[in-house]
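Trainee: Could we walk through this model together? I'd like to ask about its parts and how its chains meet.

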Number of protein chains: 4
Amino acid sequence: MTDQTPTNDSAPAETQSVPQPAARQVGYAVIGLGELTLEELLPAWAVGKRSRLAAVVSDDHDKALRAARAYGLTEADAYSYDTFEELQSRPDVQAVYIVLPNSLHREYTERAARIGKHVLCEKPLAGSVEDAGAMVAACRDAGVKLMTAYRCQYTPLHWRARDLVQGGDLGSVKLIHSVNVQVEPAGGWRLKRELAGGGSLLDVGLYCLNTIRFLLGTEPTSLWAQTHSTPGDPRFGEVEESVTWVMTFPGGVTAQCSCSYGAAHTRTLDVYGSEGRLQLDPAFDYTNLNLRVHTPEAITEHRLKETDQFALEIDHFSACIQEGREPFTPGEEGLQDQRLMDAIYRSARTGQPVTLDPVPGTDAFRGPLPARTPDARD
Amino acid sequence: MTDQTPTNDSAPAETQSVPQPAARQVGYAVIGLGELTLEELLPAWAVGKRSRLAAVVSDDHDKALRAARAYGLTEADAYSYDTFEELQSRPDVQAVYIVLPNSLHREYTERAARIGKHVLCEKPLAGSVEDAGAMVAACRDAGVKLMTAYRCQYTPLHWRARDLVQGGDLGSVKLIHSVNVQVEPAGGWRLKRELAGGGSLLDVGLYCLNTIRFLLGTEPTSLWAQTHSTPGDPRFGEVEESVTWVMTFPGGVTAQCSCSYGAAHTRTLDVYGSEGRLQLDPAFDYTNLNLRVHTPEAITEHRLKETDQFALEIDHFSACIQEGREPFTPGEEGLQDQRLMDAIYRSARTGQPVTLDPVPGTDAFRGPLPARTPDARD
Amino acid sequence: MTDQTPTNDSAPAETQSVPQPAARQVGYAVIGLGELTLEELLPAWAVGKRSRLAAVVSDDHDKALRAARAYGLTEADAYSYDTFEELQSRPDVQAVYIVLPNSLHREYTERAARIGKHVLCEKPLAGSVEDAGAMVAACRDAGVKLMTAYRCQYTPLHWRARDLVQGGDLGSVKLIHSVNVQVEPAGGWRLKRELAGGGSLLDVGLYCLNTIRFLLGTEPTSLWAQTHSTPGDPRFGEVEESVTWVMTFPGGVTAQCSCSYGAAHTRTLDVYGSEGRLQLDPAFDYTNLNLRVHTPEAITEHRLKETDQFALEIDHFSACIQEGREPFTPGEEGLQDQRLMDAIYRSARTGQPVTLDPVPGTDAFRGPLPARTPDARD
Amino acid sequence: MTDQTPTNDSAPAETQSVPQPAARQVGYAVIGLGELTLEELLPAWAVGKRSRLAAVVSDDHDKALRAARAYGLTEADAYSYDTFEELQSRPDVQAVYIVLPNSLHREYTERAARIGKHVLCEKPLAGSVEDAGAMVAACRDAGVKLMTAYRCQYTPLHWRARDLVQGGDLGSVKLIHSVNVQVEPAGGWRLKRELAGGGSLLDVGLYCLNTIRFLLGTEPTSLWAQTHSTPGDPRFGEVEESVTWVMTFPGGVTAQCSCSYGAAHTRTLDVYGSEGRLQLDPAFDYTNLNLRVHTPEAITEHRLKETDQFALEIDHFSACIQEGREPFTPGEEGLQDQRLMDAIYRSARTGQPVTLDPVPGTDAFRGPLPARTPDARD
């Protein structure tokens, strides 16, 4: 059967299909072997077209060995946090992907920069504004690239949404609502302030914040927020359960966002314009993203070929390394979100609206627009 | 064909089908012949089972005559605003339905109360808290019933939603989002402060406010709000275009709402609980309401037989009149919404959160729960 | 709230809203007070714009009186089958609507024609080809109009579907599938051959047959069919439970249809073309019809304002009476379906394909296209 | 973000995540480097947990080299059709996956069997009943396993559907409709009789046939069919464009199927029972499969974690090889479909229904039920 789900473009089949020779692909060391790495990232490298897994770094040596062997690596490719710097002598490892608790991002970024490796870092960029700023500086000083791993800025569906919003298909944009909630089980590092740096805002609320900024291309001028944790719920002794916040963007566009660690998995984003509504539901899941545009005449569901989102994101960074470009979501983009999350927490503490410094222009903290190739933007 | 869309209950078909004899039904005079009356209410009386149209009141005599004749009334049944009081001598007219600009609700309620007619009043109850309070007092003093025409508290689907929320089907409720927006064309009375008393909040935002209160059964303890009108849009010189507000309810449930006169028709309400999400989309339309519950295992769309919503609402008031009961949404219920909308505007003016007086109990401003009959709650 | 669900056209609100004066509307006597009449037709007259209920005919006098009173008629407006002919002296009753078991359609059509009343007859037109032919002849000879009550040829959604199919929006039409099934409870007249004339084909399968013919505008050239009744199910001793049949239309379009009295309520119709798929699901319900077009790029759900389907159908007949036009679905249209159902049963009996006489042209058995007014086609 | 889309079971995360060591996985040589191989199968091996790519076979040496290098193989792993037999000396290659035009399946199955390799063969098993029978015999005689690559018998969603159908959730099954159509472009081997052995039936219609048999577990007892090719369409000079057929299963269940090479991509399957309808739409796509159950009370969309369908299928064969089990869809299962497709063509040629030999029992041509592990059935 020829599956005729439409491709996203009309590139030659060959281009779409066959990855670069493995030897020419950018080699990565992945740091951290948690669920995200095991379930999503290791398979993503396996289907990436410009990227390959070259080493694994973990303090659980058995786990590292199992992962290495499962994906065709050898014992020599399994490193510990102590031996991490030995990667310096591996020219086939050009980059690292940091998948550690937030508060460790800074340390490993700095260590990677010191040994000359480019850094792709999981979101949030860090556990604090200060750390995020230091990471940007460290990579700049070392002459390596730093990219914040915002996969939702690299999928065809989110780009289609951005095109519709910025292209006027909804008329004049008036309001946005976005929700990102999930049930965080007790016991994980995300509930410990020292490791996570904060609660649901840093982990899931960040999607609402970041994707709205991506869709509009502009920066908020003021915001108001409040947090809530269910009294007596032992999970939320150190970090907040829920955050609700309101942001105002240039032109008066108002965005209402909610995130929580206490509500059943839902991830949505709606944009309300004078001529139509754009609905992403789910908006941030790994698969089965759904984009609909509602007008008075019709509800139109856009059909786009889905590709592994992590592979798209990693391949973008590889393309930037191979071609000497800045990533579309560099460290500065992640840093700006840290500043905004800081302001959200500040408003919640004081109960007062926070006015933000105006940021002129569009995509102020982003790199050049990625090329629009059939499967990805790299 | 026997259409087997499920009925909402297992009552005898006869009960469902045949209205009361017309002579025994409650007779209404409708005051105001705008679009809502012509498109929705006149047909609603035609299919109501306890209610019939008995008179029309308008200052456009030709229009009144046409409406009267179209629905089987005579020239004698067409009244003007001047001759309104002549209805006092019509024992077959027990009630009036006021469908006038908001700021006229008080005058006609008081006039109706004076001639001993029960009053069903379109929402919002009035253009101001003061007027709403006066209406409640006038009807109480005159010994006539006053009901706020909140149709969304009388449909099977909204009751199913309330049962799910209050019955624990979603686990512990954490967050709510609700949006009610439409494009209001230039020129109508809704854009004139003197007639409307306010902008999109009073007309469409009220749905979010009122339905959330209905679903939870409790009252908000604090809120924060802001308004926005597009600079240079001539429609919004007197009343606001958009309002976004955040309400906190007992137990920490946070609701984020948006309403607007500047965005394309959308009406949604989502409730996020620890075990699932309830989605009403559309939430407030006259037909084709849709209720879905999302859990990690499934998305379940509830199928309920739709009945004319206005007929359900009017028949509820008729049942209250016939049986000497209080309406489920009496004047007090409408008055409470006016107080809350007043607080929303106050917060928007000051930029400060507003703390509300605590209201203990559930359904504090509502009458006894309506009986659950097959098609309606009357 | 102004409900901004789009209207189907841009006619003046006045035109859409106010019915003709009751005295000028066409008066109907409804014959038969079963569930369809009580639940759907009586309310339909109440909201019709050119049609009013003027008399009820039933052999259950109490029921007739209750129905008459409920809809504003008097005792004098309730007739029995014996006194039916007295309607001759009622000039305010111009038409009858026959809602009786299929095998009685002929008798009452002939009796109505004899007293000069136009006849709107529920589908199927009759219990046999012979009866249907006699009905057409009787009305022609008496100079009264005969219309088959095919509501699915009068709704905006079915016309939109026809426009899409005939307008080439799907490319070249290749295949059609349609299903109409429901669970028929034991005990009703539909399971008695003498009254129904056949089983699920005549009652629900007819929708597939008739709507496909309406969408294409052409007539099938051959067909193959089989029937099935679950052994031992006492409901299906006299009439068949299920029919599956395949029809070929000019150009090779093949339609596969299934109907049943044994499967849970489903009514769908799908058209598969070289460039897209049109999906009606539900296709034949009284409300909440849904029309989607799937192409490789998008799934588009058409939003059309729903109006009471029975009111549209009845108003069309009234318009034809008032303006001296032929109905779009005259008796001849119903007769052609009877011939085709006869051929379906014949194929099922013999196991052989049946070749049908070619019928050139389009809409060969239909009257002039109805005018496209905002709410209806009358 | 922890993506909480539900897993399909509660197995330890470790089990789900980490593949077997690459050295212990079953090694495959893929034969044929068309679109299916490049787009779907090569990535599938990369994410499989028991399977790895070990060699590629193609007569296009450049293409073979590119594919080998892209997936971490060397020049030595690229074979041609002439050097295929050299794989005999590769103990790390235990199996082949044949992805060639249908009429070549027999030759390569026989050649693989002769060199002692297990055979996973794309569907249809062959271009004719005779070839399919010979393949079963060749593998049996050589003591190697033969599996027909029916991916829709290995996904969680299709198994959920089977459980619902066979578990009585729909009540008594009455009717089935299934459609599988796509636009086949001119020029490919699928339109050449010598290579394909037939038209749309063999390629896409087979999905309807095979999945219905899988869901019911039983074999049809009779069928009727017709084919159609648009006159003048040059694509359909050798093979048929469309096939419509009707099958009767034990108990009277009737299935109506359509397939075509001339209609826009649609793949659906609906089962109609006395208590509900099961809807698969899309039913056979590679991703985003959707399963809904409609009852009078609700429409329930089942949410199941999607896993790469080809990886599930390949891993099942690997598990069978590793554990010495018969595949669930052995050659015999594919052979039975060939016999049925032969009967469909025969009926279409003669215009007569075809009676089939009764096959007692359930899953008569299938191997033991696969174990239900979290992600797959292997």
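Mentor: Sure, let's start with one stretch of chain A. The span of residues 27–149 of chain A is 38% helix and 22% strand, where helices (H or I, at least four residues) and strands (E, at least two) are DSSP runs numbered from the N terminus. Its end C-alpha atoms lie 17 Å apart.

Trainee: Which feature does UniProt place at residues 27–149 of chain A?

Mentor: Keep in mind that this is a predicted model, where local features need pLDDT of at least 70, side-chain atom pairs count only at pLDDT 80 or more, and totals for chains, interfaces and linings use all residues. Residues are numbered from 1 along each chain as written, chains are lettered from A and ligands numbered from 1 in written order, and side-chain values use heavy atoms, with hydrogens and water left out. UniProt annotations may be inferred rather than shown by experiment. For this span, an unreviewed UniProt entry gives "domain: Gfo/Idh/MocA-like oxidoreductase N-terminal".

Trainee: What relation links chain A and chain D?

Mentor: Superpose by least squares on the C-alpha atoms of residues with pLDDT of at least 70 in both copies. Chain A lands on chain D with an RMSD of 0.0 Å after a rotation of 180° and 0.1 Å of shift along the axis. That is the relation of a two-fold axis.

Trainee: Which residue of chain A comes closest to the rotation axis?

Mentor: Go by C-alpha position here. At 2.6 Å from the axis, the residue is A46(A).

Trainee: How much area do chain A and chain D bury between them?

Mentor: Contact (heavy atoms within 4.5 Å) involves 47 residues of chain A and 47 residues of chain D. Buried area is the accessible area (1.4 Å probe) that two parts lose on being put together, summed over both. Carbon and sulfur atoms carry 47% of it, and the total is about 3700 Å².

Trainee: Which element gives the most to the side of chain A that touches chain D?

Mentor: Several elements each supply at least two residues to that side, among them α1 (13–17), α3 (61–70) and β11 (262–273) of chain A. With six residues, the top contributor is α2(A).

Trainee: Which three residues supply 50% of the area that chain A buries against chain C?

Mentor: Here 11 residues of chain A are in contact with 11 residues of chain C, and the buried area is about 950 Å². No other three residues of chain A supply more of its share than P296(A), I299(A) and R303(A).
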